[in-house]
Structures are given as C-alpha cells and as structure tokens.
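Trainee: I would like to learn how to read helix packing, pockets and cavities in a model. Can we work through one case?

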Amino acid sequence: MEYKNSTLVDPSAYETEGICEGIPLRVFRDQALEDIGVIRAQQDWRKYVGPVDFKRGSLGPEWNFLSVAFPETHPARMEILAYFDEFIFLHDDVVEAVDKVKGDSQNDEALAACHEATAERATSMEARKATGRRLMISKVSSKMLATDPGPAKAALRLWGEWFAKGAGRENHTQFDSLAEYMEYRILDVGKMYLTGVAIFALSLSIPEAEVELRSQLCRPAWIALGLTNDLYSLWKERDAAEEMGEASVCNALWVMMREHSISEKEAERLCRQKIAQHVAEYAQVVQDTSKRQDISRDLRVFVEAIQYVLSGNLQWTRGAPRYHPELTYNARQLDWMANGVPEA
C-alpha cells in the first residue's frame, strides 16, 4: 500500500493503554476537510431532521475519526465521507434513544434512500425530499456516484445492508452470551458500514469471489473494534437504556457482567484482554496477507488499511467529546460550528 495522504504519528505522542500494540497510527494530512464535511452534515441535520446535541459525533480536538481510522482517504473524498459519517453518528444517537418500532422505521427510511441511490432509474427531487434523512443520503450519494461510480455503488449497497441488519436494530435484545452478542456487533460496527467507507475512500474494487474471504480475514479487527467502542461507551448505552426504562444494555461489558456474574471492573479487565488478543491476531493477518499472491491487490490493500481503524479509533475515542462530555472541540471547530464553514 502506497502512503501519500497521511503521516505516521510518533508512538511517544499517544497512549495505547496496552490494547493496541503493534498497530501504527497515521493521520490524514488535512483534518480541516473532515471538519468541513462534519459541520455541514450537522447543519443539514438541524435543518432537515432535528436538533443536534453538542457532543455530536466524529470530531475530536486532536484527532477526527476518519482522519485517523482511514488516513489514506483520497483528499477529494474526505469531505463527502465526513458528511455521511456524521449523519451515521447522529442517526445512531436517535435510534439509540427510541423504541424498536421507531428505530426500525428510521432505519427503513435510510435503507430506502440507499436503495434509491443505487437503483438504475431516475428519482425525482420531490420524492427525495420526503424525509430529511432521504435528502441527506441523496445529497451525499449523488456526489459519490459522480466521483467514482463503481466503488460508490458498492459502498451504498453495503450501507443499505447495514441499515437493514445493523444500525442498532438489536439495541433492545437481551443477549445471553458474549459470543452471541459479538456476532451481531460485527454486523453493527464494521463488516458492512466501515467496509463501504474503505472501498470508497481508497477506490477499491474487490472481486465478488473474495467477499467472503474479506469478511473472514477482517473478523478479528471487527471484534476488536466493537469491544473497544463498548469499553468506552458503557455509560452512554446505560443512560439510553435507563431513559427507555429497559433493564438490559446493548454493550459487551454488560453482557459479560450478566454471563459471568462479575463486576463492571472485572468485565472491563476481561474486555481489555480480549481487545489486545484480537488486535494481535489481526496484526498477524495483515502481515500474512501482505505476502499472498493468490488474492487481488485490492484485497491486500483493504486488509492493510483496516488496521488503522483499530489504532485510529482508539485514539479518537480516548479524546472525543462524544464519549467524554467534559472535553470540548478545538478553536477552529468551535468557530466553524458557531459561524459556518468557509465557502470553497
């Protein structure tokens, strides 16, 4: 994989907490592009859908999510992906805060918009304006299809599948074991949505014959990612469950506490142990896959790229106001949130 759009971060500049060893951290060269896409999505959400809470989604004062999770994103695609990624975070917060019927209805809206975007037929703008979510997805999908039709269609199909099978649809399910929960979490966190992001960000075309292999190779990465997110977000999901009056919480730590009758502290220790285990497993997958000549070049690039989701997500999560309400954004982000982003 050729590195042109990112820089390697000195390991002395960040802390891995012992759960992401052996995976380097890279950062996109111009994080302002992600700022712009995110803040424009917040503005459109506020205009077309509803209020935006200050904690919001993918920005951080030092690291933005996409900039460290997908550091080799083509520069012309960063703002487009940032817009959609912020839409996903805002959508996720709404689905998390409502009952299953309402959540499924909102996911169905987004699913229909993804199908509409990839359909081989024209769709009137009036139909697209039926809901705010459809308008926002139409806006981003039009730009994607104009930029790179093949990867764009592949990404939109995967995102449609995510809205159908993941996207918090099982938030209200009480899982009896971590193994059962992680099968859902793999779908919810990475197998579809983030795969689509990578395909469009890097302009990849992975043969249909390699789709199942792609899933198998990346399985330890998606497990590590889901566990890492849950490690830092238990309070968030617990608050949402309490507001809904539900006894169960959709989080790996909560599932382990029930399954093994252990304390939250013990569940956190076990979670960290499992994260480190799966990160190490994926680091080996990356090394082994880089030497294979029996698979496509784009699958090798994909596997190599996904390692940065692990290191980048950890650093973003550790400093994101989304998971740390006591933190705030940097001066540029606060200025653009208050006064609007600069015009191109």
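Trainee: At what angle do helix α1 and helix α6 pack, and how far apart are their axes?

Mentor: Two numbers describe a packed pair of helices: the angle between the axes and the distance between the axes. This is a predicted model. Here α1 (residues 32–48) and α6 (residues 132–147) pack at an angle of about 150°, and their axes are 9 Å apart. Angles over 145 degrees count as roughly antiparallel, so α1 is roughly antiparallel to α6. The crossing of α1 past α6 is right-handed.

Trainee: Which residues of α1 and α6 meet?

Mentor: From α1, the residues are Ala41, Asp44, Trp45 and Tyr48. They meet Gly132, Arg133, Leu135, Met136 and Lys139 of α6. Sorted by class, this contact of α1 with α6 has 5 nonpolar, 1 polar and 3 charged residues.

Trainee: How do α1 and helix α14 pack, by angle and by distance between their axes?

Mentor: The description again takes an angle and a distance between axes. Helix α14 covers residues 331–339, and α1 packs with α14 at an angle of about 30°, with the axes 10 Å apart. Under 35 degrees counts as roughly parallel, so α1 is roughly parallel to α14. The crossing of α1 and α14 is right-handed.

Trainee: Which residues make that contact?

Mentor: On the α1 side they are Ala32, Asp35, Ile36, Ile39, Gln42 and Gln43. On the α14 side they are Arg332, Gln333, Trp336 and Met337. The classes in the contact of α1 with α14 come to 5 nonpolar, 3 polar and 2 charged residues.

Trainee: Is the crossing of α12 and α13 left-handed or right-handed?

Mentor: The crossing of α12 and α13 is left-handed. Begin with the geometry: the axes of α12 (residues 264–289) and α13 (residues 297–319) come within 9 Å and cross at roughly 155°. The two helices, α12 and α13, are therefore roughly antiparallel to each other. Val279, Tyr282, Val285, Val286 and Thr289 of α12 make the contact with Arg300, Val303, Glu304, Ile306, Gln307 and Leu310 of α13. The residues of this contact of α12 with α13 divide into 7 nonpolar, 2 polar and 2 charged.

Trainee: Turning to empty space, what is the volume of the largest pocket, and how many residues line it?

Mentor: For a pocket, read the volume, then the lining. The largest pocket has a volume of about 430 Å³. Its lining consists of 20 residues, and those nearest its centre are Ala154, Leu158, Glu208, Val211 and Arg214. Two or more lining residues come from each of α7 (149–165), α8 (178–191) and α10 (211–244).

Trainee: Which element gives the largest share of that lining?

Mentor: Helix α7 does, with 7 residues. By class, the lining of the largest pocket divides into 10 nonpolar, 3 polar and 7 charged residues.

Trainee: How many cavities of 30 Å³ or more does the structure hold?

Mentor: A cavity can be read in the same order, by volume and then by lining. The structure holds 3 cavities of 30 Å³ or more. The second largest cavity has a volume of about 40 Å³.

Trainee: Which residues line the second largest cavity?

Mentor: The lining is made of Met1, Ala69, Phe70, Pro71, Glu72, Leu202, Ala305 and Tyr308. These divide into 7 nonpolar, no polar and 1 charged.

Notes:
Residues numbered from 1 in each chain as written. Predicted model: local features only at pLDDT ≥ 70, side-chain atom pairs only at ≥ 80, totals over all residues. Heavy atoms only, no water. Axes fitted to C-alpha atoms, helices over the stretch in contact; angles between N-to-C directions. Helix = DSSP H or I, 4+ residues; strand = E, 2+ residues; numbered from the N terminus. Parallel < 35°, antiparallel > 145°, perpendicular 65-115°, else oblique. Left-handed = near helix turned anticlockwise from the far one by under 90°. Contact = heavy atoms within 4.5 Å. Nonpolar A, V, L, I, M, F, W, Y, C, P; charged D, E, K, R; others polar. 1 Å grid on protein atoms, 1.4 Å probe; cavity = no way out; pocket = protein on both sides within 12 Å on 5 of 7 lines; lining within 4 Å. Points joined across faces, edges and corners; volume = space filled by probe spheres on them.
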